[in-house]
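Thanks for coming. I have one structure to go through, and I will take it piece by piece.

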Amino acid sequence: MLLRPSPTDLRLIAHDLGRILAVVAAAGLLPLGWAIARGEWAAAGWFLLMIGTAAVPAAAAEFLGWGSRRQRVDWSHGLVVVALTWLVVPAVGTLPLWLSRHWGRWLDTFFDAMSGITTTGLSLVQDLDHLPESVNLWRHTLQFLGGQGIVLAALTFFSASGALSMYQAEGREERIFPSVISTARFIWLVSVIHGVVGVTVLTVDGILVQGFQPVRSFFHAINVFMAAFDTGGFTPQSTSIAYYHSALYEGVLAVLMVAGAMSFGLHHALWNRRRGLLQNLEVRTILTTFGILLTTTIVGLGISGVFTRAPALTRRGLFQVLSAHTGTGFSTVSTTELSRWSGLAFVGITVAMALGGMSSSTAGGVKSLRIGLTVKAMADSIREALLPEGAVVPDTFRQYGTQRLTPRMAQSVMAVSLLYVGLYLLGAAVGYAYGYPLDQALFESVSASAAVGLSVGVTAPGMPVLLELVMILQMWIGRLEFVAVFALFGFLASLAVGE
Amino acid sequence: MRTAVAFSFLAVLLVVPAAPAKAQPVDVSELDQNPLAYDGQIITLEGELIGDYGERGDEVWVQLNDDPYTENPIPGGGVPAGGNQGIGLRIPVDIYDPDLWGPPGSARYRGPLVRVVGRFRYHAAEASGETFVQVTDIELLDPARPLPTGELGTPGRTGIALLVLAAIIYAAARYRARPPRG
């Protein structure tokens with residue numbers, strides 16, 4: 001029997017959502033400030049409207065939530081808040097996008113806002129090269145908020161009961177410190193330090209090497225930093241990273257993409273100069289898969305003849321595999337050119353996208369820890385079958401210390417991995433049904449579900465509405481790694497038919 | 001007279017084969033679809049200079065777009081008509097004239113419209129695999145012109161009203177939440 005949520009439950013959820021909207025309103029100050037500084041007055045008006053729209057329910061929730069603050073937020077509340085957050089924030093975030101008239105229909109703006117907040121990077125924007133800078137900055141800010149975890153942002157500023165459930169519902173398994181709040185603050189510290197260094201290096205590179213004007217160089221730097229470190233993939237210009245025509249710029253972005261795809265646990269271990277990190281299952285897994293997929297892609301490109309010169313092949317191949325495996329979605333080749341990557345190159349890029357980065361990072365996809373554990377569980381089963389009866393197969397693995405791979409853990413890991421495969425196939429089937437070639441439909445579906453953002457052209461203005469809705473769903477479910485979304489469906493069911 | 005005509009004819013015969021191959025007019029989409037067919041060829045492109053002038057020593061990198069927005073960008077009243085379509089240009093500084101051209105295209109400017117002649121390079125080995133057009137000649141068709149940046153308007157005024165409302169509600173919430181006296 002389902003229990004209908006009480007009014008107190010709803011008040012608690014509304015209260016937390018209100019606080020998250022307060023974070024959105026605060027984040028809107030960044031593009032608002034940029035719009036004012038650059039004289040984009042119409043855009044400033046759009047941001048004022050968005051900030052006001054977020055601030056009123058935030059204040060109202062504070063008003064209505066009075067008296068419920070001492071109530072305990074349980075696990076399910078936290079999950080429901082997170083799942084709703086990732087629908088409400090993009091909905092509010094569409095306002096400046098829609099008012100800019102650079103999107104064909106409202107659903108396209110929601111698609112882009114969802115793509116931003118889930119750090120996917122697929123986009124339906126039109127005439128991006130004439131988009132107001134402040135609106136462009138807002139697209140990238142959405143990626144930064146989403147990559148960091150918008151609920152994490154709220155947790156940093158507002159201590160809340162139920163913090164652990166909300167933290168984990170955003171797709172983070174590990175706690176670096178015993179307190180979630182301390183962990184959230186550490187994550188912000190890492191991000192801010194990378195931000196200061198990354199934006200400085202990119203700005204200086206932009207001025208001295210690329211020859212950009214200082215303000216424009218800073219504008220490019222802050223945008224691509226947010227998109228790289230949070231493995232988002234939006235870019236300020238329509239030709240993505242190919243716009244910069246600079247191997248050095250690509251190199252800096254590659255470092256930021258890798259940093260973004262690393263788990264914050266690994267960041268913490270590196271900061272503390274812990275040894276033996278290469279023995280960690282997740283590190284070994286991602287290095288192995290990256291090596292295999294890079295080789296596969298480069299061999300595939302060599303065979304296909306898309307590239308006739310080795311330096312170009314290596315540079316493009318390396319950057320694209322890195323972009324795919326970290327879930328960033330930056331591109332140094334055009335969509336048309338990427339769609340010509342067939343055979344082994346196609347397999348390499350698609351599998352790299354599907355696998356994703358490390359757990360508790362800003363990357364999406366199945367994630368390396370799950371891949372490593374799945375392989376270990378299967379290898380252990382085979383070894384058990386081959387060894388004499390009674391022989392003991394060690395069920396331990398290294399991940400910041402020695403841990404046991406319990407049957408329950410193995411089942412959970414495999415279940416989530418299978419759910420991802422199902423999600424990939426769902427979008428591919430819908431795309432195929434609409435007449436797209438199967439390989440392109442699969443590529444785009446994996447890109448959306450694993451929050452990557454590389455495109456071979458399926459994602460385009462005027463795409464079928466149902467396919468667009470499915471891809472929005474894939475981005476949402478894929479980023480939240482299923483559990484929070486299932487909890488929301490359960491909550492809605494109990495609201496409808498509970499007693 | 002007859003000798004003069006003969007010499008003229010001979011001169012034409014000698015000059016014609018030595019004249020440079022005529023630049024092929026193409027668009028960016030065609031280059032994107034068939035890059036190998038144009039690699040190393042002299043081409044002509046028309047479009048809008050957009051983004052930034054990247055001044056790198058004795059050359060300038062800039063993007064040229066030849067999409068539906070070159071004449072009428074969305075901030076200037078154009079309607080959404082798909083994505084942008086652009087390619088990088090590498091322009092020698094001796095034919096680079098930003099004062100005459102005006103700023104490159106952005107939300108604030110429709111960039112200069114130009115016709116360029118140059119050699120298309122696809123994954124050029126000498127340029128770390130870059131794809132671009134090495135420009136040899138550039139003709140300004142229409143200099144940059146400013147686009148309207150608008151005003152705060154109804155959205156801005158509504159936003160300010162909502163912020164005032166939010167402040168009042170928040171103050172009321174704080175007032176309600178204050179600890180009881182005594």
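I will start at one end of a strand pair in chain B: B:Ala124 has B:Glu130 as its bridge partner in S7(B). Before going on, note that this is a predicted model.

The pair in question is S6(B) with S7(B), strand S7 being residues 130-142 of chain B. The two run antiparallel and are joined by 10 bridges. They form a hairpin with 5 residues between the strands. In that hairpin, B:Ser128 takes a positive phi near 55°.

S6(B) has another partner. Strand S2, residues 42-56 of chain B, pairs with S6(B) in the antiparallel sense, over 7 bridges. One of the positions to look at is B:Ile42, whose bridge partner in S6(B) is B:Arg119.

How many of the 12 residues of S6(B) are buried? The count is 9, so strand S6, residues 113-124 of chain B, is largely enclosed by the rest of the structure.

Now chain B as a whole. The chain has 182 residues, and buried ones make up 37% of them. There are 5 helices and 8 strands. Starting from the N terminus, the order of elements is α-β-α-α-β-β-β-α-β-β-β-β-α. On contacts in chain B, take those between residues at least 6 apart in sequence: 61% of them join residues at least 24 apart.

Next, where chain B meets chain A. The contact takes 51 residues from chain B and 53 residues from chain A. On the chain A side, the elements that give two or more residues are helix H3 (41-64) and helix H14 (310-325). H3(A) gives the most, with 17 residues. By type, the chain A side divides into 26 nonpolar, 17 polar and 10 charged residues.

That leaves helix packing within chain A. Two packed helices are described by the angle between their axes and the distance between the axes. I have two cases.

The first case is helix H6, residues 133-148, with helix H10, residues 214-229, both of chain A. Their axes come within 8 Å and cross at roughly 25°. An angle under 35 degrees counts as roughly parallel, and H6(A) and H10(A) are therefore roughly parallel to each other. H6(A) passes H10(A) in a left-handed crossing. From H6(A), the residues making the contact are A:Glu133, A:Asn136, A:Leu137, A:His140, A:Thr141, A:Gln143 and A:Phe144. From H10(A), they are A:Phe219, A:Asn223, A:Met226 and A:Ala227. The residues of this contact divide into 5 nonpolar, 5 polar and 1 charged.

The second case is helix H13, residues 281-304, with helix H17, residues 368-386, again of chain A. The axes are 8 Å apart and the packing angle is about 95°. H13(A) and H17(A) are therefore roughly perpendicular to each other. In this contact A:Leu281, A:Glu282, A:Thr285, A:Ile286 and A:Thr289 of H13(A) meet A:Ser368, A:Leu369, A:Ile371 and A:Gly372 of H17(A). Here the division is 4 nonpolar, 4 polar and 1 charged.

One last residue: A:His268, in helix H12, residues 264-271 of chain A. Why does A:His268 count as partly exposed? Because A:His268 has 18 C-beta neighbours inside 10 Å, and a residue is buried at 20 or more and exposed at 12 or fewer. A:Thr235 is 33 residues from A:His268 along the chain, and their C-alpha atoms are separated by 29 Å.

That is the last item.

Conventions: Residues numbered from 1 in each chain as written. Chains lettered and ligands numbered in written order. Predicted model: local features only at pLDDT ≥ 70, side-chain atom pairs only at ≥ 80, totals over all residues. Helix = DSSP H or I, 4+ residues; strand = E, 2+ residues; numbered from the N terminus. Contact = placed C-beta atoms within 7 Å. Nonpolar A, V, L, I, M, F, W, Y, C, P; charged D, E, K, R; others polar. Axes fitted to C-alpha atoms, helices over the stretch in contact; angles between N-to-C directions. Parallel < 35°, antiparallel > 145°, perpendicular 65-115°, else oblique. Left-handed = near helix turned anticlockwise from the far one by under 90°. Pairing = 2+ DSSP bridges.
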